Amino acid sequence: MGLFSLTQEIAIDLGTANTIITCDDKIVVDEPSVVAISMSDNKMMAVGRKAQQMIGRGGHMVRTVRPLKDGVIADFYACEMMIRGMIKLIPQQHKLFTPQLRMVVGIPSSSTEVEIRAVRDSSEHAGGRDVYMIFEPMAAAIGMGIDVEAAEGCMVVDIGGGTTEIAVISLGGIVSNKSIKVAGDDLNADIIEFMGRMHNLRIDEPTAERIKMQVGSALPELDNPPEDFMVIGPNKVTALPMTVPVSYQEIAHCLEKSIAKIENAVLQALEQTPPELYADIVKKGIFLAGGGALLHGLSKRLTDKIQIPFHVAEDPLHCVARGTGIALKNVDKFNFLIR
């Protein structure tokens, strides 16, 4: 009967765009942060990739919800259902016969007390018994292998779906941080607006995401440019089908304003950094994490603009998830976790 009393430990990177769950040092769930809810009985129909496929296809029968907006919970009920659904997706070999869960959840570094309480309540309602939280830039730094408890400064820029988190870390704490609500979702919105304005083409968010992944660029000139991406959709005026080739130069032009905001936020964070830590950052460089770090030419643009080397993490999409998983194993050791 001892097996029935064990507590399962899971780490959750609760992101605006994707939710990643790690268990036993392995990523066991990596799904879009979407939940599909039946309009008739208000119950969950699908979660993750299956729910994402229902966006724009369910009519009046299904409501597809992204419970997080700008890194925080926008729909409490949908978020609770999504966390429950994601936990059910954990493969059978990683499950124990127990409803008791110990969780560590990644949250934005700018979270208010109310936003932290919302994450804690959602996690507890979804089955969490012991719920700890960790700020995402701290988790990203741990996931990259940085010694966050060392007596030297490091800067992490985590470009997620809803927010860009910039933090200077030293001695196991965040010395200064800057969080702006400009990230992957805003880049998608820029692409949707650009395609409508320049090509009279109506596209939705999943298509904008594919364009960003294929030909998204921070620079109008790249050493290894990607091929043009063919976009199919209806004409905004006539509703007739169109096929439009999109180049990385066009996307670099349409993303210019949003990327400039990220640049300015990094500069503002550097202004707030104590001189001793600033010297450490110049020596070691600045580390990029999150899906936005994969944008073509971004690290080169930031390096040229700020004149400090920018290093893209080995696996930027999973840095926060890996760091959250390491924090889970060191709950008693890391005193920067929030309860």
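**Exercise 1. Decide whether Gly85 is buried or exposed, and place it in the chain.**

Step 1. Take the cut-offs: buried is under 20% relative accessible area, exposed is over 50%, and partly exposed is in between (1.4 Å probe, protein chains only).
Step 2. Gly85 has a relative accessibility of 3%, so it counts as buried.
Step 3. Gly85 sits in helix H2, residues 76–88. Helices here are DSSP runs of H or I with at least four residues, strands are E runs of at least two, and both are numbered from the N terminus.
Step 4. Leaving aside residues up to four places away in sequence, Gly85 touches Met44 and Val47. A contact means heavy atoms within 4.5 Å.
Step 5. Gly106 is 21 residues from Gly85 along the chain, and their C-alpha atoms are separated by 18 Å.

A note on the model and its numbering. This is a predicted model, in which local features need pLDDT of at least 70 and side-chain atom pairs count only at pLDDT 80 or more, while totals for chains, interfaces and linings use all residues. Residues are numbered from 1 along each chain as its sequence is written, and side-chain values use heavy atoms, with hydrogens and water left out.

**Exercise 2. Describe the surroundings of Val168.**

Step 1. Find the element: Val168 belongs to strand E12, residues 164–170.
Step 2. Check its cover: the relative accessible area of Val168 is 0%, so this residue is buried.
Step 3. List its contacts beyond four places in sequence: among them are Cys154, Met155, Ile174, Thr273 and Leu277.
Step 4. Compare sequence and space: Val168 and Ile286 are 118 residues apart in sequence, yet 9.5 Å apart from C-alpha to C-alpha.

**Exercise 3. State which loops hold Asn42, Asn200 and Ala239, and how exposed each residue is.**

Step 1. Asn42 lies between strand E4 (35–38) and strand E5 (44–47). Its phi is near 60°, a positive value in a residue other than glycine. With a relative accessible area of 35%, Asn42 is partly exposed.
Step 2. Asn200 is in the loop between helix H5 (184–199) and helix H6 (205–215). Asn200 is not a glycine, but has a positive phi of about 55°. At 36% relative accessibility, Asn200 is partly exposed.
Step 3. Ala239 is in the loop between strand E14 (229–234) and strand E15 (241–246). Ala239 has a relative accessible area of 53%, so it is exposed. Leu201 is 38 residues from Ala239 in sequence and 9.0 Å from it in space, C-alpha to C-alpha.

**Exercise 4. Find how many aromatic pairs the whole structure has.**

Step 1. Set the rule: rings of Phe, Tyr and Trp (its six-membered ring) pair if their centres lie within 6.5 Å; planes under 30 degrees apart are stacked, over 60 edge-to-face, the rest tilted.
Step 2. The search finds 1 pair. It joins Phe334 and Phe336, 4.8 Å centre to centre with 25° between the planes, and is stacked.
Step 3. Phe334 and Phe336 are both buried.

**Exercise 5. Work out how compact the chain is.**

Step 1. Count the elements: the chain has 11 helices and 17 strands.
Step 2. The radius of gyration, taken over C-alpha atoms, is compared with a globule rule of 2.2 Å times the number of residues to the power 0.38. The chain gives 21 Å, close to the rule's 20 Å for 339 residues, so it is as compact as a globular protein of that length.
Step 3. Along its principal axes the C-alpha trace spans about 65 × 60 × 35 Å.
Step 4. Of the 339 residues, 52% count as buried.
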